[in-house]
Amino acid sequence: MTYKLDKSMEIFARAAKVIPQGIYGHLTPVITVPGSYPYFVEKAKGSHLWDVDGNEYIDYMCAYGPMILGYANDKVDEAFMKQAKKGTCVTIASPLMVELAERLVEINDCADWAIFAKNGADTTSMAVLLARAYTRRKKIVLADGGYHGTQPWCTSNMVGVTPEDRKNVIFIPWGDLGAFRRVVEENKNDIAGVMFTPYHHPTFADQVLPEPGFWNGMREVCNKNDIVLIIDDVRAGWRLDLKGSAHYFGFKPDLACYCKAIANGYSISALVGTEKMKIAASKIFATGSYWFNSPEMAAALACIDEMEKIDVPSVVRERGLSLTNGLKELADSNGLKVTISGPPAIPFMTFSNEDNFMRSQLFCAECAKRGVFFNPHHNWFISAAHTEEDIKKTLDVADKAFKEVKKQFGD
Ligand SMILES: Cc1ncc(COP(=O)(O)O)c(C=O)c1O
């Protein structure tokens, strides 16, 4: 059967007339391989998605992280729908908000309280306000190439951003404790907070895990200088450790931001923090039209229950190891050198002897047309719905894709 994307392309042509870029943001065709990937989905279930042309894919992007238990998970969907029948966006708050906050306080290492919102960027932006409110200082330290959302204070796209928006933001390389010590010294009593992801997961680059001692060193410098240590766990949260990725790496932040996998795809995010941050947290203006919707809270509670029950971090780690070990062996047997980076549950693969991603693009496009969805430029995600059978099929496809790379590039 030949691989066809006719309907995707047809709808995309319509989209381009009425939507800037046709499809914008992280779903833009530019971030995969234009022309080689489906653009529109028909349905998704478990670890698979079907595009509008009827092609089926084992999906290793998991909606860029939110899907952790499998698409259309019965337990989470039922919880959402049951609550939705009682009202979605209502004039007063639901007790489910309290139940969910209690659950996060019980489960997460650094949570003594929680505030809920919709997107990851809501929580990272609140964390910045909160660090400033707590310290009465202005400056925030971020990592080069880190991603915390589309807001002017942090976006990687500078179109429409003014120098004033960035006046109080200092960028340093992720994982460079020496650089952090230097900026703290150079900006004595002026740094409100530092926001890092628990490990570095930039787009268009290998992922970087922390060096031993890095996080304890950061904690020490923050303690000594009254700087708020903020962990952006929006992407990695729930896949490494249900107690939080900071717990996984052995330290305790003051604030942590959650979103993606918290409700298996329903739109809810959470900012959590330690007791000392609670009074400042009650002073910032935190709200949004849909932030109090209770069906998403019901979905999050059901998702957390299920993640605990099946011990999601162990499952996704094991499946991730099967995938990444298999890919390494296949690359080797095809005479190709690859770099697998990041934790097994959130892996990424690049070809070691290139920096232009052309081999990655060919490899991923060849996988897509054979029913396996990887992104050549962005890390992948494993879910608890990926089966050993999925991994086996994926490796069969990957072998064929590696052979195409070998044929076109030689090594
Ligand atoms: C680490 C990290 N922080 C923040 C965000 C922003 O989340 P959202 O897109 O939900 O605003 C993302 C989204 O990909 C992310 O990966």
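## Close-up views of a predicted model

**View 1: I340 in strand 11.** I340 is partly exposed, with a relative accessible area of 23% (under 20% counts as buried, over 50% as exposed and anything in between as partly exposed, using a 1.4 Å probe and protein chains only). This is a predicted model, where local features need pLDDT of at least 70 and side-chain atom pairs need 80 or more, while totals for chains, interfaces and linings use all residues. Residues are numbered from 1 along each chain as its sequence is written, and side-chain values use heavy atoms, leaving out hydrogens and water. Look for I340 in strand 11, which covers residues 338-341 (strands are DSSP E runs of at least two residues, helices are H or I runs of at least four, and both are numbered from the N terminus). Skipping residues up to four places away in sequence, I340 touches T324, L327, K328, F348 and M349 (a contact is heavy atoms within 4.5 Å). Now hunt for I92: I340 and I92 sit 248 residues apart in sequence and 48 Å apart in space, C-alpha to C-alpha.

**View 2: The two sides of helix 3.** Helix 3 runs over residues 95-107. Its buried residues are L96, L100, A101, R103, L104 and I107. Why do they end up on the same side of helix 3? They cover an arc of only 160° around the axis, where the arc is that of the directions from the helix axis to the C-beta atoms. Turn to the face pointing away from that buried side and you meet P95, E102 and E106, which are exposed.

**View 3: What sits over helix 3, and its cap.** The cover over the buried residues of helix 3 includes helix 2 (74-84) and strand 4 (113-117). Strand 10 (269-273) and helix 9 (294-309) are also among the elements covering those buried residues. At the N-terminal end of helix 3, S94 acts as a cap, with a side-chain oxygen 2.9 Å from the backbone nitrogen of L96.

**View 4: Q83 and S294.** Q83 belongs to helix 2, and S294 to helix 9. Are they buried or exposed? Q83 is buried with a relative accessible area of 14%, and S294 is buried too, at 6%. Setting aside neighbours within four places in sequence, Q83 is in contact with S94, L96, S294, P295 and A298. On the same terms, S294 is in contact with Q83, G87, T88, S94 and L96. Q83 and N293 are 210 residues apart in sequence, yet their C-alpha atoms are 9.7 Å apart in space.

**View 5: Around the ligand.** Of the 13 residues around the ligand, those that come nearest are G120, A121, D232, R235 and K260 (a residue counts if one of its heavy atoms lies within 4 Å). An N or O atom in the side chain of D232 is 2.6 Å from a ligand nitrogen. A polar side-chain atom of R235 lies 2.9 Å from a ligand oxygen, while a backbone N or O atom of Y147 is 3.1 Å from a ligand nitrogen.

**View 6: Two loop residues with positive phi.** Most residues other than glycine have a negative phi. N264 has phi near 50°, and D311 also has phi near 50°. Find N264 in the loop between strand 9 (255-258) and strand 10; N264 is buried, with a relative accessible area of 9%. D311 is in the loop between helix 9 and helix 10 (312-333), and D311 is partly exposed, at 37%.

How values were computed
The expected span of a helix is 1.5 Å times one less than its number of residues. A polar contact is a pair of N or O atoms within 3.5 Å; within protein, one must be able to donate a hydrogen and the other to accept it, and residues adjacent in sequence count only if both atoms are side-chain atoms.
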